[in-house]
Amino acid sequence: MSKLSKQILTIAIALLAFGCSKTKTPDETSFAISGTIQGADSPYIILSEIGKTGFTPADTIALDKKGNFSHLVKMSEPTLYSLSYKDDYITLCPKVKEQIQIKSTAADFSGSYSISGSAESELLKQMNNHTSQIRQTLKAMSDYLKVNNIDNLDSVKHVFLQRLNEIHAQEVAYSEDFIRKHSGSLTTLIALYRTFEGRPLFDYRSDLSMYKEVLEGLNKTLPNNQHTLILKNFIEQKQQQQNEHLAQQE
């Protein structure tokens, strides 16, 4: 092989490698996701769709030796995703054509991540930050009792219960405000299903009106979306159960 032929072959291989290493530009049926997880010792992360059957793995995304990743994701309709690194995960609400960039650390994947390129995923990041702050407050309250070895818990019980009730009310108000500000967004489902001390903030038995408010917004923007239909069916079932219960009491 001549020297010129070798040079041409070398250039061709380099161009091919460059083309394969780049993530394709997303179109009307996809979005792109890329970023870095510092200190990663796992060779992959998992993208799962959050749908009617729960978490369904959609893609296994490879990480290189430096924790970098880049992937194009096909999406048939607007939906929610979880992106998992080992046992930790973050929630995404992408739109087609978006090019989402994520940076985080392996030591605290969900607590240290930053995200750009997806407005609704950024909203979920803000909610995640808020939730983390509340968890830290609750942990500090619990640790106070343990560290100070308080013998007579009754002496402080009413103070802690009062503070818990105050935080609970603030969390309900936060979610209600989020739902009303972002009506019609799938992110309102995340706000609707938030929990406090292991219990739903909105219990359908007493707060079905909030479920209906979320549905009203989604019916305007995504009437045929699977998430809208799931919520609609849920509300109809619970409403029927409530009506049957009332009828039995008459």
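**Strand pairing and a buried threonine**

Strand 7 (residues 99-105) pairs with strand 8 through three bridges, and the two run in the antiparallel sense. The model described here is a predicted one. Within this pairing, glutamine 101 faces serine 116 of strand 8.

Stepping back, strands 7 and 8 belong to an open sheet of four strands, whose order is 4-1-7-8 and whose pairing is mixed. Strand 4 (68-74) and strand 8 (114-116) form the edges of the sheet, each pairing on one side only. On average, neighbouring strands here are turned by 15 degrees against each other, with direction ignored. As a helpful reminder when viewing such an arrangement, side chains in a regular strand alternate between the two faces of the sheet.

Another antiparallel pairing involves strand 2 (residues 44-51) and strand 3 (residues 54-62), which are joined by eight bridges. The connection from strand 2 to strand 3 is a hairpin of two residues. Isoleucine 50 has phenylalanine 55, in strand 3, as its bridge partner.

Turning to the helices, threonine 188 lies in helix 5 (residues 187-192). With a relative accessible area of 1%, threonine 188 counts as buried, because that value falls under the 20% limit. The side chain of threonine 188 comes to 2.6 Å from the backbone oxygen of serine 185. Leaving aside residues up to four places away in sequence, the contacts of threonine 188 are Phe178, Ile179, His182, Ser183 and Val214. Threonine 188 thus offers a convenient place to look at a buried side chain together with its polar contact to the backbone of serine 185.

Conventions
Residues numbered from 1 in each chain as written. Predicted model: local features only at pLDDT ≥ 70, side-chain atom pairs only at ≥ 80, totals over all residues. Heavy atoms only, no water. Pairing = 2+ DSSP bridges. Axes fitted to C-alpha atoms, helices over the stretch in contact; angles between N-to-C directions. Buried < 20%, exposed > 50% of the residue type's maximum accessible area, 1.4 Å probe, protein only. Polar contact = N/O pair within 3.5 Å; in protein donor to acceptor, adjacent residues only side chain to side chain. Contact = heavy atoms within 4.5 Å.
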